[in-house]
Amino acid sequence: MVNETRDVLVTRDLKKYFPLRRSLNPFSKAERRVVKAVDGVSISIPRGKTVAIVGESGCGKTTLARTVAQLIAPTSGEILLDGRDMSTMKRKDVYKDVQIVFQDPDSSLDPRKTIADTVGEPVRGLHGGTNRAIDERVMRSLAAVGLSEEQAYRIPKQLSGGQRQRVAIARAIAPSPKLLILDEPTSALDASVQAQILRLLIELQNEFGLSYMLITHNIAVAQYLSDVVAVMYAGHLVEYGPTKTIMARPRHPYTITLMTAAPIANPWKRNLLNIEIKGEVPSAINPPTGCRFNPRCPYVGDVCTKVDPPLEEVSPGHLVACHFKAQTADVVVERRTTSGLAAPEVGAT
Ligand SMILES: Nc1ncnc2c1ncn2[C@@H]1O[C@H](COP(=O)(O)OP(=O)(O)OP(=O)(O)O)[C@@H](O)[C@H]1O
Ligand code: SF4
Ligand SMILES: [Mg+2]
C-alpha cells in the first residue's frame, strides 16, 4: 500500500490522543483519560491523486487532517512527506508543501484585509520575494480559481460564499503546495455552487498536478472526485482501496451499511451525517472491546467482541478490517449508481 517514491504523503500507524481532565481540580490524581480521535491510521496519497476520507461525525477525520497539516502534533506514528519524516522538517517547509482548506472559508479570511493581501500573505511568509513577484503570484492564483483582478481589491464581505471559498482555495494554492487537504470544502455552500467548486478542484488538480486529501460526508462527492477511499470508524481505518472497487463492492459491514442505508432518489444527497445506523456512535474515550463496530454490526459474531480485526488485503490495494471479510464478498449492495453523471447537480454534505 506504500510506495514512497510515488506517494506524496504517507502516514504510518498515526495516533492522536487528546488528554481529558477528569476533575476540575488540576492536582487530582484521578486516572487520566484520553480521547482516541485517531488511533493507528496508515494511509498513502499518490502524487496527483485524491484520497477521500469518509466516515460519520466524530470518527476523527478533521483530527487526521490537522495532524497531517502539522497544526497539531501527533501522539505517535510517522508522517512522511515526499519520503521525508515530517517531524524532522521545519514548519515552514511543511507549509510550503501542505496547505489546508476548511469547510468555512471565513475561518481563513481576515474580514478587514483585501483578497489580494489575504492570498499574498502565505506567499510572503513562506517564499518571500518582491512585492511585484508576490502580486503576480496572487493574480495567477486568483485567475486559476476564476476570480478577476477587480475582485482582488475587495474585502471578503463584498464577495459571495462561493467566491469566498474560491479565495480560500487561491490562498491555499498560491504557495504552490504539493498536497491540499480539503476538509468538507463544499458543505457550507449552496447546491449549485458546490458543483462549481468540485469542478474547479478537478481543473486545478489537472493543471497543477496537485494531490488531495478530501474529507467529505457525501459518498457521491467521494465517488466523483477521488481515486482512493479511506473509510474511518471511531479513529480506525476500516476499509481502504480504489474508489471504483469500494463503490462497486464494499466489503466492510460499516461501508456496506453506509452504502445501503436509507435509499434515496438522488445519490448526490447521500449524506453520511443523515444516514441512521442502528445503535450509538461509539465513545471515543471508551470504545467497545474487539471490533469497534460490533455493537452496531448486523454481521457480528462471538469473536468480534473479543478481538480487534486487523486491516488486511482482500484484493490488490483493497484492505478491510473485519473477521468476516470472506463472507462479505457475497454481499450484493443494491444502490443507485452515480456513474455517468458529469457533476453533482444537487449537493448535500
Ligand atoms: N481538541 C480536542 N480535545 C478533545 N477532544 C477532541 C479535540 N478535537 C477533537 N476531539 C474529539 O476527537 C473526536 C474526533 O473529532 P474530529 O473533529 O476529528 O471528528 P470528525 O470526523 O472531523 O467529525 P465531523 O464530521 O463532525 O467534522 C471527537 O470525539 C471529538 O470530540
Ligand atoms: S469484525 Fe465483526 S463486528 Fe466488526 S465489522 Fe466484522 S463482522 Fe462486524
Ligand atoms: Mg470534521
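User: What counts as nonpolar, charged or polar in the shell around ligand 1?

Analyst: Ala, Val, Leu, Ile, Met, Phe, Trp, Tyr, Cys and Pro count as nonpolar, Asp, Glu, Lys and Arg as charged, and the others, Gly among them, as polar. In this predicted model, the shell around ligand 1 divides into 5 nonpolar, 5 polar and 1 charged. Its members are Phe18, Val35, Ala37, Ser57, Gly58, Cys59, Gly60, Lys61, Thr62, Thr63 and Ala284. Two elements, β2 (33–41) and α1 (61–68), give two or more residues each, and α1 has the largest share, 3 residues.

User: Why is Lys61 in the shell around ligand 1 called charged?

Analyst: Lys is on the list of charged types, so Lys61 is counted as charged.

User: What makes helix α9 mostly covered?

Analyst: Of the 8 residues in α9 (253–260), 6 are buried. Buried requires 20 or more other C-beta atoms within 10 Å of the residue's own. Pro253, Tyr254, Thr255, Ile256, Thr257 and Leu258 are the buried ones, so each of these meets that cut-off. The cover includes α7 (219–225), β10 (228–233), β11 (236–242), α8 (243–248) and α10 (325–328).

User: How do you know that β7 and β8 pair?

Analyst: Pairing needs at least two bridges, and 4 join β7 to β8 (179–183), so the strands pair. They run parallel, and valine 101 stands opposite leucine 182 in β8. Val98 and Ile100 point one way from β7 (98–101), Gln99 and Val101 the other way, and all are buried.

User: Where is the pLDDT below 50?

Analyst: The chain averages a pLDDT of 87, with 85% of the residues at 70 or above. Over residues 336–349 the pLDDT is below 50, though this stretch has 38 contacts in the model beyond near neighbours in sequence.

Note on methods
Residues are numbered from 1 along each chain as its sequence is written. Chains are lettered from A and ligands numbered from 1 in the order in which they are written. This is a predicted model: local features need pLDDT of at least 70, side-chain atom pairs count only at pLDDT 80 or more; totals for chains, interfaces and linings use all residues. A residue is near a molecule or strand if its C-beta atom, placed from the backbone, lies within 6 Å of it. A residue is buried if 20 or more other C-beta atoms lie within 10 Å of its own, exposed if 12 or fewer, and partly exposed in between; C-beta atoms are placed from the backbone. Two residues are in contact if their C-beta atoms, placed from the backbone, lie within 7 Å. pLDDT is the predictor's confidence in each residue, from 0 to 100.
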